[in-house]
Amino acid sequence: MDKYLKRILLGLIAWAIPFFASFFVWNPQINGPAIDVAWFYALMSVTGAIGFAIAAYYQFRDIKKDTIKEGWITGIIWYFELILLDLTVLVGILGMTMTSYYHLLLTYLTPLILCITIGYIKK
């Protein structure tokens, strides 16, 4: 598989796992979580970590050279991919306000930072 396609598909997996987990606790009648917001964000953090761990494992397991470069490229691509997917689905389709969305710009720095860190560790 082309390494760029693989990277994009793994980013989709990292995004999809918490997204689909949210369906179990989302109340469409109020367009909000059916559980306490703190628990909802905790669930998103845990499932986001699981999604990232799966994606990062498959992305970095065979990389032996240029690991720092791969970490930067993967992190940047995943950052923008996660933002684009959330903008499309959460804001565009589900009607989330941009004001409610802005915190995700900071939240999605975590995969970027972790990808870069993995690149340096593998070196």
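**Figure 1. Phenylalanine 24, a residue of the loop between α1 and β1.** Here is phenylalanine 24, placed in the loop that leads from α1 to β1 (26-27). Helices (H or I, at least four residues) and strands (E, at least two) are DSSP runs, numbered from the N terminus. With a relative accessibility of 75%, phenylalanine 24 counts as exposed; buried means under 20% relative accessible area, exposed over 50%, and partly exposed in between (1.4 Å probe, protein chains only). Alanine 34 is 10 residues away along the chain, and its C-alpha atom is separated from that of phenylalanine 24 by 8.9 Å. As for the ground rules, this is a predicted model, in which local features need pLDDT of at least 70 and side-chain atom pairs count only at pLDDT 80 or more, while totals for chains, interfaces and linings use all residues. Residues are numbered from 1 along each chain as its sequence is written, and side-chain values use heavy atoms, with hydrogens and water left out.

**Figure 2. The chain as a whole.** Six helices and two strands make up the secondary structure of the chain, and reading along the sequence gives the pattern α-β-β-α-α-α-α-α. The radius of gyration is 15 Å, close to the 14 Å of the globule rule for 123 residues, so the chain is as compact as a globular protein of that length. For your own scripts, this radius is taken over C-alpha atoms, and the rule is 2.2 Å times the number of residues to the power 0.38. Along the principal axes, the C-alpha atoms fill a box of roughly 50 × 25 × 25 Å. Of the 123 residues, 36% are buried. Among contacts (heavy atoms within 4.5 Å) with a separation of 6 or more, 68% join residues 24 or more positions apart.

**Figure 3. A salt-bridge network of Lys3, Arg7 and Glu70.** The structure holds three salt bridges, each a side-chain nitrogen of Lys or Arg within 4 Å of a carboxyl oxygen of Asp or Glu. Side chains of opposite charge can pair when their charged atoms come close. Lysine 3 and glutamate 70 meet in one of these bridges, at 3.6 Å from N to O. Because lysine 3 lies in helix α1 (residues 3-22) and glutamate 70 in helix α3 (residues 67-93), this pair ties together parts that are 67 residues apart in sequence. Glutamate 70 also bridges to arginine 7, with 2.4 Å between the closest N and O atoms. That second pair again links helix α3 to helix α1, and so ties together parts 63 residues apart in sequence. Lysine 3 is partly exposed, at 43% relative accessibility, whereas glutamate 70 is buried, at 10%.

**Figure 4. Arginine 7 and its surroundings in helix α1.** Is arginine 7 buried or exposed? Arginine 7 is buried, with a relative accessible area of 1%. Setting aside neighbours within four places in sequence, arginine 7 is in contact with Gln59, Glu70, Ile73, Thr74, Ile77, Trp78 and Glu81.

**Figure 5. The bridge between arginine 61 and aspartate 62.** The closest N and O atoms of this pair are 3.7 Å apart. Aspartate 62 is exposed, at 53% relative accessible area, and arginine 61 is partly exposed, at 38%.

**Figure 6. The largest nonpolar core and its companion.** A nonpolar core is a set of buried Ala, Val, Leu, Ile, Met, Phe, Trp, Tyr and Cys residues joined through side-chain atoms within 4.5 Å. Which residues touch the most other members of the 13-residue core? They are Trp15, Phe19, Tyr79, Ile83, Leu104 and Tyr108. At least two residues of this core come from each of α1, α3 and α6 (109-122), and α3 gives the largest share, five residues. Another core, of nine residues, lies apart from it and includes Ala14, Ala55, Ala56 and Phe60. Beyond residues up to four places away in sequence, tyrosine 108 touches Trp15, Tyr79, Leu82, Ile83 and Asp86.

**Figure 7. Helix α3 from end to end.** The 27 residues of α3 should span 39 Å at 1.5 Å a residue, and the 37 Å between its end C-alpha atoms agrees with that. The expected span is 1.5 Å times one less than the number of residues. At leucine 87, α3 bends by about 25°, the bend being the angle between axes fitted to the seven residues ending there and the seven starting there. Just after α3 comes glycine 95, with a positive phi of about 80°.
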